[in-house]
Amino acid sequence: MMISKKVDQNKLNISDIFHNTSDLIIHEFETNFGIRAIACYIEGLIDKNLMDRDVLKPLISGLNKPKNIKKIIFVSQVKEMDSMEDIATQLNYGKVALFFEGNNMGYTIELNQWEKRAVEEPNSGAVVRGPKEGFIEDIVTNKSLLRRKIRSSNLIFEDYTLGKQTNTQISLAYIKGIVNENVLKEVRKRLGGIDIDSILESGYIEELIEDSPLSLFTTVSNIEKPDVVAGKILEGRVAIFVDGTPHVLTVPRLIVEGFMTSEDYYLRPYFASFLRILRVISLILTIYLPGVFVALQLYHQEMIPTVLLISMAGAREGVPLPVVLETLLMIIVLSLIKESGLRLPKNFGSTVGIVGALILGESAVRAGIVSGVTIIIVSIVAISEFIIPEMVQSIALYRIIILLLGSFAGLYGITCGFMVITAQIVSIDSFGVPYLWPLAPMDWQGTKKDVFVRAPLWRNIFRPRAIERRNIKRQTPPWGK
Amino acid sequence: MNNIGKKDRVSCYQVVLLITVYEVMTRLTYLSVASIPPANQDMWIVSLTSIPYIILFCSPLLYLGNRFNNLTLLGYANRIMGRILGKIIGIFYTIFLFIGLMLLLGVLVEILNSSLFPETPTYVTASIMLITCIYISYGGFKNMARLGEITIPFVIIMIFLFIALGYKNYDFKELLPVLKDSTYKQINAGAINIGIRFSEITILAMMTPYLEVREDLNRIFFRSLMYSMGISILIVVAVQLSLGIEFVKHINFPFLTFTRLLALGRDIQGFDSLYIISWIMGNVIKISGYLYFTTLALEEIIGRRNQDFIIPVSVIALILIILIKDRRPILAATRSMQRFMFILSVIAILIIPLIMLVAYFFRRNSLKQGKG
Amino acid sequence: MKWNTIFLIVCTMLGIFLIGCWNARELNELGISLVMGLDEEGDDILLTAEVVDPSFTQKDGGSVGQGGPVKYVQGTGCNVFEAFRDVVLKFDRRLFVSHNKVVIIGEDLAKNGVAEHIDELFRDREQRETAHVLIAKGAKAYEVMGISSGLESIPANYISNLIKNIKENPKAMDMNMIENLKHFYHEGHQSIMGVIEKRGIGQIDKMVEETDIQDYELSIIGSAIFDEGSLVGYLNGNDTKALNFIMDRIEGGIITFPTPDSALGSKSEFSSKHRELSSVVIINSKTKNDVKIKDGNVVLSTKIRLRGSIGEVVGNIDISKEENLKQMEKACSKSIEEGIKTAITKVQKQFGLDVFGYGLVFHRKYPKKWMGIKENWDQVFSKADFEVEVKTDIIRTGLINTPVIRKKER
């Protein structure tokens, strides 16, 4: 719809587009030179003080010709637009639209300001050493947080608007010259293929662009901290910012990223490597321990050391449920405690802990409903899970499948299950990069530098070569080779 | 077969791992060297002597593989021998691979049922394995190779761990006297017998077109031969040192018994669970490999996608296994089985490739023209 | 992709519907057996198993009810396997023998030949090859089972700890099933097994009046000699120690020998009222066996190299002097040599069986001659000469050097 020269017509049109919504404010005024004008904005999205001081006051006191608008008002972003729909869209992003009598152009002025959370430490990925700031729900702030980490003209943002109803702002971020162009092309293609009514969280995007949507493992990582995103895109990845959420996506994702935290790179390499190995062990424990425990108890009692076997057998005397159901039950109870502790208001959190630990743990064993050994096993599973928060979603189901297989066919079932799930994982390519790189296909250089151990920084000369093969040199080390 | 995309190729390292583990799995399961003459303390020398024989016996297939490195075994059989003879050879190799698959499955079921699950019916044990292998074969050869890359190092590390842990049980005098109780002739006969069973060469011949660098075929063969024979000899020696030669001959599954004796300190026992795990892993890889290449051979003969055959082939294998296994043991009564496999291997590894080689030399020029 | 989901669903379904169908045994269905005894009763085999009652671990304060934390179950049958299955109808839990630590064989069964009965112990997947074998000397197996005079509440642990202690005092034989079988298969090496014996405990509290009830303890001193699978006799503790020396199974222990007279020291003011004996603790020892043919006769030779530390010195000798230490070493070597010579002579005369494994050495050294000799090796062995050579190195003297009673010379 074109913009009319008549202000009254424009006023009618714009309230038509917004179907007379109540939060659309249309302010009519007249300048000292007698030009009639209207200013439209959406309540709550703009800074009213600025509007009064820097827009309305100079306009009313000094505007003689609409063309001179940029000479008069003291706002950094003023745009001339000729389409009513565009202006209407812009209003949704917190702009102020101005129309003047006798002029078939509209002007949008950026005055957006709305309530937002302060930049604070995110809940996930808390670190002892390292920056504490986290992303917030506002994409502009988020982009600026990233820009503050990488002050380079090669850092490029590409904006998209997705979601037919929500018109959510999406922004790709990458570093020219480091990013893999093929990955970038693929991301653009997949984003372009999205046709959905709403995008409320980056999880929507994640699910829509994943390589292997039915797998238990995700091929897109989500991150809440700018330094981590900076690290990822400096390795050649592409970040996807979504407005309205503090979770930023990066692709391609490798499975080894689940074992990494930003802190690994800020701590001493030995300790960081120790933590890495600990995480790998805890991954194995948390997935396989219940299954192996059940398999050993049901099928392979000869493999348990005698003393342990006798005390396990003693603990099982009088327990009514078969060991599978017992373990399954405790895993479910554990998930219950975890979820309820997460969702409850913070004040109740400790109550859940007491209920879980005392009533369920202690009393259940005393009453002889579950055996003490099972409680120990499930607790180990729980604490190992907390070390690798990024993988929690993949693990939970995997663990139960292994448990059932173990109860059905012992170690044989578990091994077969392991093979099947591993076969599934190796078949995944995340945006053209093998998911298990550098383990399969084997890249010894990558494996020894930054997988199970975190080599000292000065040894880590190259970026992961699976992501981008050209221009992989990271540094010329001060010493060494 | 020319159109295998760059993305579906597998690297030299992956193939070496696969072939190595295929060969080592046989030794992990049973020691055929203990049941063929001379079957005394010189077993390991027999294994060692078999290496040159293996190279000798495999050279025809290796030569042909190098000449036609963009074709599988069946592909160049067709090229050289003409359509009808080629088809017959193709069918023979399909059956050969299928029998290999059956044998593996049978032995697997037998060990599992006699060492872990004596009351579980055969069909359950076999079908769990087949479901696993079907799934893996569906992923294609590239994914199988990657899976191998993840799991085979674990299997091999485990073998070395067991051999190291067994140190306390070793009685090095079991190896003495060297070469005194057996004659030169006996050892060579044994070595030939072992050498002719290197059936992994047929698998290698089937996977040639999948190689990333096809010119590496010889290197892959020699490397995997060295690795697998090295590990095999270690296994033979370790088993012999800790169990004694006479008992080895009595046991159906020597390495399993070997791991049952392992102990760390006094109380940490039960290393057989680790053995069972790594053994099952290796077997999953091996059986899915055989399944995949059996269906690939069928693909070449019939000309449909090999995925179409995976389920039918495994269902047939399952039925046959149930029929055979529920009648008699495969490993305990070895004599007739061994003879059968021996004859089959001689035909598959030596006779047919030799015939093809001769035919190739006669038709070399016409084949070249056909290519041009 | 579709295949993935179907597969996962099938697996889960299988898991859910088939839970515990075959072979799965809950721990509370098992009777964990720790010691197994085999006896002969008439023509039948009598099997006794010591089964742990696991609930004792749960009781507070560790108070153990009557009969201790174990139960004994017995079964009879024509062979071992039948005896096992006989238990099923008498005992409510399935006998689980994978954790057997010790297999005790009654003397009667051992005498009539045990070899044909151990087949089951290797064929059954549950049996462990690493279980120790002991012969109940002069008793039935079930008579020695159940005696626990140590601190362990489970008798099986008592016995297995006794076996563990052999490395402190090698007067007993530590043989497990697989070693036993290896010896059985070896040509030119008769099998030997450990021994277990029931003994009355000497009265400690003199105030208590003597009662009829006597407390027993177990002793594993000595070893049993087998001829092709049947028991022919026993060796005493010292001979067993010599046997362990020859078989190179010494991990520790002590050597006691008469203290050599000090060459330099003046006559001691302490007259030797009793025999002066000193001891050396074995740190490690290495044995080399050899067989030679001298003038048509077989000569067995054993060379032992031993490292030790002085454990006790009784007598007047200043061992801080180099030459005296040498004398100690010599005396120690001599004591071992004599022990070994006694043992070999005794075995040659009394049993005429090569329990030391010289036949294996012969086979390795003279494989050609072995072929002709192997049928009657035991006769050859019993007539053979032997030479023993021991070299001792004393590498430590403990915390003090000269014996306490001797004043140090200036």
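Two strands are taken to pair if DSSP finds at least two bridges between them, and helices (H or I, at least four residues) and strands (E, at least two) are DSSP runs numbered from the N terminus. The views below show a predicted model, in which local features need pLDDT of at least 70 and side-chain atom pairs count only at pLDDT 80 or more, while totals for chains, interfaces and linings use all residues. Residues are numbered from 1 along each chain as its sequence is written, and chains are lettered from A and ligands numbered from 1 in the order in which they are written.

**View 1. The open sheet β1-β2-β4-β5-β3 of chain A, with helix α1 of chain A.** Five strands form this open sheet in the order β1-β2-β4-β5-β3 of chain A, with antiparallel pairing. The edges are held by β1 (24–30) and β3 (78–81) of chain A, each of which has a single partner strand, so one side of each is left without a neighbour in the sheet. From one strand to the next the twist averages 25°, where axes are lines fitted to C-alpha atoms, for helices over the stretch in contact, and angles run from 0 to 180 degrees between N-to-C directions. Within the sheet, strand β2 (residues 36–42) of chain A pairs with strand β4 (residues 95–100) of chain A in the antiparallel sense over four bridges, and Ile38(A) stands opposite Phe99(A) in β4(A). Helix α1 (residues 7–17) of chain A lies across β1, β2 and β4 of chain A and runs at about 15° to β2(A). In the loop between α1 and β1 of chain A is His19(A), a residue other than glycine whose phi has a positive value, near 50°.

**View 2. The open sheet β6-β7-β9-β10-β8 of chain A and a cis peptide bond.** This open sheet of five strands has the order β6-β7-β9-β10-β8 in chain A, with antiparallel pairing. Its edge strands are β6 (155–162) and β8 (221–223) of chain A, each pairing on one side only, and neighbouring strands are turned by 25° against each other on average, direction ignored. β8(A) runs antiparallel to strand β10 (residues 248–251) of chain A and is joined to it by three bridges; Asn222(A) has Leu249(A) in β10(A) as its bridge partner. A cis peptide bond, with omega about -10°, joins Val251(A) and Pro252(A), and Pro252(A) is found in the loop between β10 and α9 (269–298) of chain A.

**View 3. The contact of chain A with chain B, and the packing of α14(A) against α5(B).** In this interface, 24 residues of chain A are in contact with 26 residues of chain B, two residues being in contact if their C-beta atoms, placed from the backbone, lie within 7 Å. The side of chain A that touches chain B divides into 17 nonpolar, six polar and one charged residue, where Ala, Val, Leu, Ile, Met, Phe, Trp, Tyr, Cys and Pro count as nonpolar, Asp, Glu, Lys and Arg as charged, and the others, Gly among them, as polar. Helix α14 (residues 392–426) of chain A packs with helix α5 (residues 122–138) of chain B at an angle of about 10°, with their axes 9 Å apart. That angle makes α14(A) roughly parallel to α5(B), a description used for angles under 35 degrees. Among the residues that make the contact are Tyr412(A), Cys416(A) and Met419(A) of α14(A), and Ile128(B), Thr132(B) and Tyr135(B) of α5(B). By class, the residues of this contact divide into 10 nonpolar, two polar and no charged.

**View 4. The two domains of chain C and their contact.** The domain assignment of chain C, whose bounds come from an automatic or database source, gives domain 1 (25–204 + 212–235) and domain 2 (241–262 + 274–410). The centres of these domains of chain C, taken over C-alpha atoms, are separated by 32 Å, and 17 residues of domain 1 of chain C are in contact with 19 residues of domain 2 of chain C. On the domain 1 side of this contact, β9 (223–227) and β10 (230–235) of chain C each supply at least two residues. That side has five nonpolar, seven polar and five charged residues.

**View 5. Confidence along chain C.** Chain C averages a pLDDT of 82, and 85% of the residues score at least 70, pLDDT being the predictor's confidence in each residue, from 0 to 100. Among the elements of chain C, helix α1 (residues 2–17) has the lowest mean pLDDT, 64, and strand β5 (residues 102–106) the highest, 91. Over residues 263–273 of chain C the pLDDT stays under 50, and the model has eight contacts for this stretch beyond four places in sequence.

Methods
Angles under 35 degrees count as roughly parallel, over 145 as roughly antiparallel, 65 to 115 as roughly perpendicular and the rest as oblique.
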